[in-house]
Amino acid sequence: ETPWEFTNVGDNVFISNEPIPLKEKPVKGIALLGNEGDNSSVLIADLPNPGVVLIKPDPGDPTTVYSDVYVYL
């Protein structure tokens, strides 16, 4: 709905001239479980979502995005 302006930086790569807000709300309830499949074995509840700078397109399928989430214990 909002027109966005992009700059062509070469090799068919375009960069937005301003940040584009995400359209989906963050996932809530991300938890680290002690035992896979046992939802009562929560070690850490409510892990944070990754920052937007960590969200990347999947090299094998650019229509899919992912983010690594690092948990330091």
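**Exercise 1. Work out how much space the largest pocket holds and what lines it.**

Keep in mind that this is a predicted model. Start with the volume: the largest pocket encloses about 380 Å³ of space. Next, go to the walls, where 15 residues make up the lining. Those lying nearest the centre are Leu 22, Lys 25, Pro 26, Asn 49 and Ile 55. Then ask which element gives the largest share: that's strand β6 (residues 61–67), with three residues. Finally, sort the lining by class, and you get 10 nonpolar, two polar and three charged residues.

**Exercise 2. Do the same for the second largest pocket: find its volume, its lining and the strand that gives the largest share.**

The volume here comes to about 180 Å³. Around that space sit Leu 22, Val 52, Ile 55, Lys 56, Pro 57 and Val 65. Strand β5 (residues 55–58) supplies the largest share, three residues. As for class, five are nonpolar, none is polar and one is charged. Now set the two pockets side by side: Leu 22 and Ile 55 line this one, and both are also among the residues nearest the centre of the largest pocket.

**Exercise 3. Look at the loop between β1 and β2: what is the sign of phi at Asp 11 and at Asn 12, and are Asp 11 and Asn 12 buried or exposed?**

First, place the residues. Asp 11 falls in the loop between β1 (6–10) and β2 (13–16), and Asn 12 is in that loop too. Now the backbone: phi is positive at Asp 11, about 50°, and positive at Asn 12, about 60°. Neither Asp 11 nor Asn 12 is a glycine. Last, accessibility, where exposed means over 50%. Asp 11 is exposed because its relative accessibility is 77%. Asn 12, at 73%, therefore counts as exposed as well.

Definitions and conventions: Residues numbered from 1 in each chain as written. Predicted model: local features only at pLDDT ≥ 70, side-chain atom pairs only at ≥ 80, totals over all residues. Heavy atoms only, no water. Helix = DSSP H or I, 4+ residues; strand = E, 2+ residues; numbered from the N terminus. Buried < 20%, exposed > 50% of the residue type's maximum accessible area, 1.4 Å probe, protein only. 1 Å grid on protein atoms, 1.4 Å probe; cavity = no way out; pocket = protein on both sides within 12 Å on 5 of 7 lines; lining within 4 Å. Points joined across faces, edges and corners; volume = space filled by probe spheres on them. Nonpolar A, V, L, I, M, F, W, Y, C, P; charged D, E, K, R; others polar.
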